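Welcome to a short set of exercises. Open the model, keep the sequence beside it, and try each task before you read its solution.

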Amino acid sequence: MSLSERLRHFNLIRKIVYILVGIVSYPGLAIVNKLKISGTEHLKKLPPGNVLFVSNHQTYFADVIAFLHIFCAVKWGKMNRLGIPYYLLNPFTRVNYVAAEETMKGSWISRLFSLAGALTVKRTWNKEGKEVRRGLDPSDTRKITRALEKNWVITFPQGTTKPFAPGRKGTALIIKQNKPIVIPVVISGFWRAFDKKGLRFKKKGITLSIVFKESLVIDYNLPTEHILAQVMDAIEQSKKYMMVGRHHGETADRAQ
């Protein structure tokens with residue numbers, strides 16, 4: 001186990017990283033841009049472990065950072081808002097998030113943020129956005145399974161920020177094996193406000209939207225293909241959402 005992996009297990013280290021990242025990122029989420037949150041009532045009574053958040057993905061880091069802010073705020077009794085970030089005085093840190101190894105080794109900032117609970121996995125997609133292998137590596141699967149035993153885990157089934165990319169079967173396999181509570185999340189606006197990494201502004205004054213939906217009712221006996229299809233539909237990245245609703249304009253803008 002590497003030094004960075006060992007440090008991730010120290011809660012004090014994680015809290016310090018949460019506080020630092022939280023202070024730096026708060027203005028970009030709540031002042032420079034406007035964060036619109038809904039559905040946090042679905043988070044209030046969740047157990048401390050075996051909860052999997054599945055979401056579409058728009059930036060490498062800003063999406064996850066926003067989730068961490070919201071989870072901390074909810075644990076301090078705030079609903080659908082961040083308000084003054086006094087929740088950073090004692091942040092909720094029982095959260096892990098799935099991220100590509102290459103991404104988390106890219107810079108000192110990403111290495112620091114990995115201490116906030118990153119579960120690094122081997123990338124499923126190459127630079128051209130084509131799938132290079134199916135599912136998750138067995139060691140990656142075990143890593144996520146261990147995290148689910150005690151924590152909430154955030155994962156992005158598409159493994160890429162490209163809208164409407166197909167989901168990874170590994171996500172469905174994790175669900176099938178661990179039978180977690182699955183909370184779908186739909187985000188929008190982040191790609192307009194931030195660069196691909198989510199660390200620099202592209203545009204200011206953007207409404208960032210995060211919607212937490214009710215937990216999915218899943219038949220864990222179904223094949224992984226069926227479970228994955230249910231997940232992709234819930235995060236509004238299935239084919240039926242491609243040409244309708246708010247995502248139609250979003251996708252068209254990105255294609256230009």
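**Exercise 1: Packing around I154**

Find the contacts of I154, then place I154 in its core. Leaving out residues up to four places away in sequence, I154 touches F53, F67, L68, F71, V95, N96, Y97 and V98; contact means heavy atoms within 4.5 Å. Before going on, note that this is a predicted model, in which local features need pLDDT of at least 70 and side-chain atom pairs count only at pLDDT 80 or more, while totals for chains, interfaces and linings use all residues. Residues are numbered from 1 along each chain as its sequence is written, and side-chain values use heavy atoms, with hydrogens and water left out.

Step 1: the largest nonpolar core has 48 residues, and I154 is among those with the most contacts inside it, as are F53, F71, F113, F190, I210 and F212. Such a core is a set of buried Ala, Val, Leu, Ile, Met, Phe, Trp, Tyr and Cys residues joined through side-chain atoms within 4.5 Å. Buried means under 20% relative accessible area, exposed over 50%, and partly exposed in between (1.4 Å probe, protein chains only).

Step 2: helix α3 (residues 62–75) gives the most to this core, with eleven residues. Helices (H or I, at least four residues) and strands (E, at least two) are DSSP runs, numbered from the N terminus.

Step 3: a second, separate core of 21 residues includes L52, I174, L216 and I235.

**Exercise 2: The partners of β7**

Which strands pair with β7, and in what sense?

Step 1: β1 (residues 34–38) runs parallel to β7 (residues 207–212), with five bridges; two strands pair if DSSP finds at least two bridges between them. K34 has T207 in β7 as its bridge partner.

Step 2: β6 (residues 181–188) pairs with β7 in the antiparallel sense over four bridges. Here I187 stands opposite I210.

**Exercise 3: A polar side chain in α7**

Is N178 buried or exposed, and which side chain does N178 meet in a polar contact?

Step 1: N178 lies in helix α7 (residues 169–178) and counts as buried because its relative accessibility is 18%.

Step 2: its side chain makes a polar contact with that of T145 at 3.3 Å. The term covers a pair of N or O atoms within 3.5 Å; within protein, one must be able to donate a hydrogen and the other to accept it, and residues adjacent in sequence count only if both atoms are side-chain atoms.

Step 3: beyond neighbours within four places in sequence, N178 is in contact with N50, T145 and L148.
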